[in-house]
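The following note sets out points for discussion on the structure shown below. The points concern strands, surface, aromatic rings and charged side chains.

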Amino acid sequence: MIPGLGEKYALEIETIAKPKAEYMTDAYFELDLPVAPAVMVGDEIVVEGADVTKEKLEAVIRRHLDLPEPTPRRKGIFGRKV
């Protein structure tokens, strides 16, 4: 999901993966970064310690790029929200 959005909006994606124990050190907390797993766009923490939907992430990316937010996708048989 994230690489696809990076290509769509020509963004640089940085993925940081460390052993879980490294996220619990004093040195990590001093960096003032969110608790993993997390997603950040610029300095904004989109989600911390949970999953994020593609729609929510895309909305934050578009807001960060000063683009209008996407219109909500309709669901259901006749375009009704379910």
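1. A residue is called buried here under 20% relative accessible area, exposed over 50%, and partly exposed in between. By that standard Glu-69, at 46% relative accessibility, counts as partly exposed. The model under discussion is a predicted one, and the remarks below should be read accordingly.

2. Glu-69 is a salt-bridge partner of Arg-63, with the closest N and O atoms 2.9 Å apart. Arg-63 is itself partly exposed, its relative accessible area being 40%. Through salt bridges with shared partners, Glu-44, Arg-63 and Glu-69 are joined into one network.

3. The other link in this network is the salt bridge between the side chains of Glu-44 and Arg-63, at 3.4 Å from N to O. This pair connects distant parts of the chain: Glu-44 belongs to strand β2 and Arg-63 to helix α3, 19 residues apart. Glu-44 has a relative accessible area of 35% and is therefore partly exposed.

4. How many salt bridges does a search of the whole structure find? The search returns three. Besides those of Arg-63 with Glu-44 and with Glu-69, the side chains of Lys-8 and Glu-58 meet in a salt bridge of 2.8 Å, N to O. Here too distant parts of the chain are linked, since Lys-8 lies in helix α1 (residues 2-8) and Glu-58 in helix α3 (residues 54-64), 50 residues apart.

5. Are Lys-8 and Glu-58 buried or exposed? Lys-8 has 56% relative accessibility and so counts as exposed. Glu-58, at 11% relative accessibility, counts as buried because the limit for that class is under 20%. In general terms, side chains of opposite charge can pair when their charged atoms come close.

6. The strands deserve a separate remark. Strand β1 (residues 38-41) has a covered face made up of Val-39 and Val-41, and an uncovered face with Ala-38 and Met-40. Strand β1 pairs with strand β2 (residues 44-48) in the antiparallel sense, over four bridges. The hairpin of β1 and β2 has two residues between the strands, and Gly-42 adopts a positive phi near 65°.

7. Which residue of β2 stands opposite Met-40? That residue is Ile-45. Both Met-40 and Ile-45 belong to a nonpolar surface patch together with Leu-31 and Leu-33, and the four have about 330 Å² of accessible area together. Leu-33 is located in the loop between α2 (26-30) and β1. Its relative accessible area is 36%, so Leu-33 is partly exposed; a patch residue needs over 30%.

8. As to aromatic contacts, a search of the whole structure yields two pairs. Tyr-23 and Tyr-28 form an edge-to-face pair, 5.1 Å from centre to centre with 90° between the planes. The ring centres of Tyr-28 and Phe-29 lie 6.3 Å apart with the planes at 75°, so this pair is likewise edge-to-face. Tyr-23, Tyr-28 and Phe-29 make up one aromatic cluster.

9. The accessibility of the cluster members should be stated residue by residue. Tyr-23 is buried, with a relative accessible area of 12%, and Tyr-28 also counts as buried, at 8% relative accessibility. Phe-29, by contrast, has 44% relative accessibility and therefore counts as partly exposed.

Notes. Residues numbered from 1 in each chain as written. Predicted model: local features only at pLDDT ≥ 70, side-chain atom pairs only at ≥ 80, totals over all residues. Heavy atoms only, no water. Buried < 20%, exposed > 50% of the residue type's maximum accessible area, 1.4 Å probe, protein only. Pairing = 2+ DSSP bridges. Patch = residues over 30% accessible without salt bridge, like charges linked within 9 Å, V, L, I, M, F, W, Y side chains within 5 Å. Areas by Shrake-Rupley, 256 points an atom, 1.4 Å probe, with all protein chains shown as cover. Phe/Tyr/Trp six-rings, centres within 6.5 Å; stacked < 30°, edge-to-face > 60°.
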